[in-house]
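Colleague: Please take a close look at the packing inside this model, and say how far each part of the picture can be relied on. A plain account will do.

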Amino acid sequence: MALPLLFFLGVRIYPALLAFNVSLHEWDIMSRARPFVGLDNFRQLAADPVFWKAATNTFWYVAITVPAELALGLAVASLIQSVNKFQGFYRTVYFIPYITSTVAVSWVWRWLYFKNGGILNQLLLAVGLPAQPFLSGPAQALYSIAAVVVWQALGYQVIIFLAGLEMIPPTFKEAAKIDGANAWQIFRRITLPLLNPTIVFLAVLGTISSLQIFAQIMNMTSGGSGQGDLGGPLNSTLSLVVYIYSLAFYKFKMGYASAITVVLFAVILVVTLVQMKVLNRRIEY
Amino acid sequence: MAEGAVKTGNVDNDGKVRAATRVKDRTWLLKHAILLVGILFMIFPFLWMLATSFKQGAEVYGINLIPREPTWANFTNLLKDTDYLRWYLNSTVVAMVVTASELFFDSMAGYALAKLRFPGRSIILMVILSTLMIPTEMLIIPWYMMFTKAGWIDTLWGVMLPGLISAFGVFLMTQFMSGIPGDLLDAARIDGLNEFGVWWHVALRLVKPALAALAILVFLGNWNAFLWPVIVIESSATRTLPVGLSLFSGGEAGSEWQLIMAAASLAVIPVLMVFAFFQRQIVQGIALTGMKS
């Protein structure tokens with residue numbers, strides 16, 4: 001037991017404390033002097049328009065992807081559960097994007113979205129619609145990335161929803177049917193309330209993973225190697241984690257970047273605590 | 001459900017029941033149609049990736065799915081001009097070592113925390129669980145500083161170290177281990193097994209499905225990991241597959257989409273083949289861990 005404990009102290013707890021400490025210093029990896037600056041980094045943060053851009057973008061990633069994943073995931077899972085053939089086949093195929101490398105699928109989608117010669121624009125032109133900028137214009141880039149996030153996460157949501165749906169005793173639905181409830185009423189009054197724990201779990205998981213979005217942005221709207229603007233056209237796709245990465249490892253502002261990781265930590269902590277509160281609430285039906 | 005409807009229908013509304021069955025047939029078809037359209041969305045990107053990887057010249061930008069003059073040239077060029085196989089090997093080593101290490105340590109810690117009584121047990125559990133709240137993003141900068149000092153930057157050891165034991169894995173194992181009846185373990189102890197033997201010969205056998213599920217999650221997670229590897233890796237020879245793919249596609253490949261798609265295909269196809277073999281176990285494992293946490 002001593003070894004795992006030492007491991008967690010050395011690889012998780014100590015570095016986390018170090019992160020707090022670094023966030024209170026002006027810590028440039030290139031210079032020897034690392035003066036203590038108190039909360040200056042956080043003050044600077046509050047006045048940094050790029051930070052606010054990244055924070056707003058990250059908010060939108062969450063606000064778009066989480067409801068979309070939940071709605072589509074529940075819809076697909078309900079459909080799969082209601083057909084009595086090929087259930088395993090559907091479940092498997094919808095799951096494929098989830099197990100493939102995010103970096104690989106990001107490049108595949110970058111090619112599908114490609115402005116001049118990508119298949120999506122070729123198809124649009126073929127049916128007489130104007131070509132779209134997708135990833136190459138600030139208006140659509142964030143949505144284009146969010147769509148890929150949903151596409152990749154959908155299979156996971158479907159599997160968890162299916163497991164949740166299977167735990168609802170069929171007698172409940174049969175009883176409601178005998179009482180004359182239609183399909184929508186059964187869904188609204190029986191399925192949805194009983195799925196509540198599953199929905200909360202998936203919502204929190206989706207929120208936390210979208211708050212940490214990184215690989216998709218790095219590979220779809222930047223050089224991948226980090227050349228040029230990491231956050232896409234006019235920083236339109238810049239997320240908090242991409243901003244942290246560029247500050248720490250391209251501009252070597254370790255202190256300032258650590259301050260943002262502390263903010264991210266606080267946000268994730270709040271989400272987790274809210275989840276625990278909601279999940280621990282006893283629900284009686 | 002259909003039986004229920006038939007059973008409740010008596011002779012009087014037999015016609016009604018038959019009509020309902022017919023409507024049901026039509027929605028049945030519609031449901032399959034919707035699911036199949038969804039499947040098209042799910043797999044078209046992969047089909048297009050494969051198609052492009054076999055194309056050459058102007059055809060790369062054509063809208064035909066089946067290449068008219070399919071070629072292996074993109075793959076051979078890729079293997080010739082990059083360290084692709086090396087990246088493959090690195091990713092395999094990283095994923096396998098981390099998976100083995102997690103299975104060993106997570107299950108041992110989980111067993112100790114669930115089944116042994118020793119001082120400080122609940123505090124240790126709390127310390128480990130509290131680390132679940134710390135996002136990796138907060139640790140990458142301190143790790144980078146610490147690993148620089150230790151000389152572990154640009155080594156596979158540096159890539160692997162942070163994942164060798166995971167709080168999630170320990171938590172999962174603790175959950176499953178506490179479900180094992182204590183009598184069973186006592187019986188093994190009476191038979192003369194020491195604590196290590198009880199864990200190895202008895203406890204591990206009983207949580208096999210959970211171990212399999214954890215192995216799948218850890219392997220996939222490490223095989224696809226990007227954030228920490230892209231920071232700690234510097235030279236081409238140390239790259240894992242995602243890092244190699246990312247840097248190659250964004251730089252060395254120029255804008256040669258057929259090369260990028262060949263690289264992506266090589267990264268994706270073996271995983272899909274493994275998935276095809278183990279899909280039932282993988283899907284059930286994912287559902288299992290999702291429910292427990």
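Modeller: Buried residues make up 42% of the 285 residues of chain A, where buried means that 20 or more other C-beta atoms lie within 10 Å of the residue's own, exposed means 12 or fewer, partly exposed lies in between, and C-beta atoms are placed from the backbone. For chain B the buried share is 40% of 293 residues. This is a predicted model, in which local features need a pLDDT of at least 70 and side-chain atom pairs count only at pLDDT 80 or more, while totals for chains, interfaces and linings use all residues. Residues are numbered from 1 along each chain as its sequence is written, with chains lettered from A and ligands numbered from 1 in the order in which they are written.

The framework is helical. Chain A has 13 helices and zero strands, and chain B has 14 helices and zero strands; these elements are DSSP runs numbered from the N terminus, helices being H or I with at least four residues and strands E with at least two. The radius of gyration of chain B is 26 Å, well over the 19 Å that the globule rule gives for 293 residues, so chain B is more spread out than a compact globule. That radius is taken over C-alpha atoms, and the globule rule is 2.2 Å times the number of residues to the power 0.38. The C-alpha trace of chain B spans about 75 × 65 × 35 Å along its principal axes, and that of chain A fills a box of roughly 75 × 60 × 35 Å.

Now the core itself. The largest nonpolar core holds 153 residues; such a core is a set of buried Ala, Val, Leu, Ile, Met, Phe, Trp, Tyr and Cys residues joined through C-beta atoms within 7 Å. Its largest share, 15 residues, comes from helix H7 (residues 141-166) of chain A. The core also draws at least three residues from each of domain 1 (2-53) and domain 2 (76-292) of chain B, with bounds that come from an automatic or database domain assignment. Ala263(B) and Ala264(B) have the most contacts inside the core. Leaving out residues up to four places away in sequence, Ala263(B) touches Leu78(B), Leu245(B), Phe248(B) and Ser249(B), a contact being two C-beta atoms, placed from the backbone, within 7 Å.

Helix H13 (residues 241-252) of chain B also contains Gly250(B). Gly250(B) counts as buried because it has 20 C-beta neighbours inside 10 Å. Ten residues further along the chain is Ile260(B), with 8.9 Å between the two C-alpha atoms.

The two domains of chain B have C-alpha centres 39 Å apart. Five residues of domain 1 and seven residues of domain 2 form the contact between them. On the domain 1 side, three of these residues are nonpolar, two polar and none charged; Ala, Val, Leu, Ile, Met, Phe, Trp, Tyr, Cys and Pro count as nonpolar, Asp, Glu, Lys and Arg as charged, and the others, Gly among them, as polar.

Between the chains, 72 residues of chain A are in contact with 69 residues of chain B. Helix H1 (residues 2-23) of chain A gives the largest share of the chain A side, twelve residues. By class, that side has 52 nonpolar, 15 polar and five charged residues.

Two loop residues deserve a mention for their backbone. Phe86(A), between helix H3 (49-82) and helix H4 (87-99) of chain A, has a positive phi of about 60° although it is not a glycine. Asp154(B), in the loop between helix H6 (136-150) and H7 of chain B, likewise is not a glycine and has a positive phi of about 65°. With 15 C-beta neighbours inside 10 Å, Asp154(B) counts as partly exposed.

As to reliance, the predictor gives the complex an ipTM of 0.90 and a pTM of 0.89. Chain B averages a pLDDT of 87, and 90% of its residues score at least 70; pLDDT is the predictor's confidence in each residue, from 0 to 100. Among the elements of chain B, helix H1 (residues 2-8) has the lowest mean, 41, and helix H7 (residues 156-160) the highest, 96. Over residues 1-15 of chain B the pLDDT is below 50, and this stretch has twelve contacts in the model beyond near neighbours in sequence. Where pLDDT is low, the predicted coordinates should not be read in detail.
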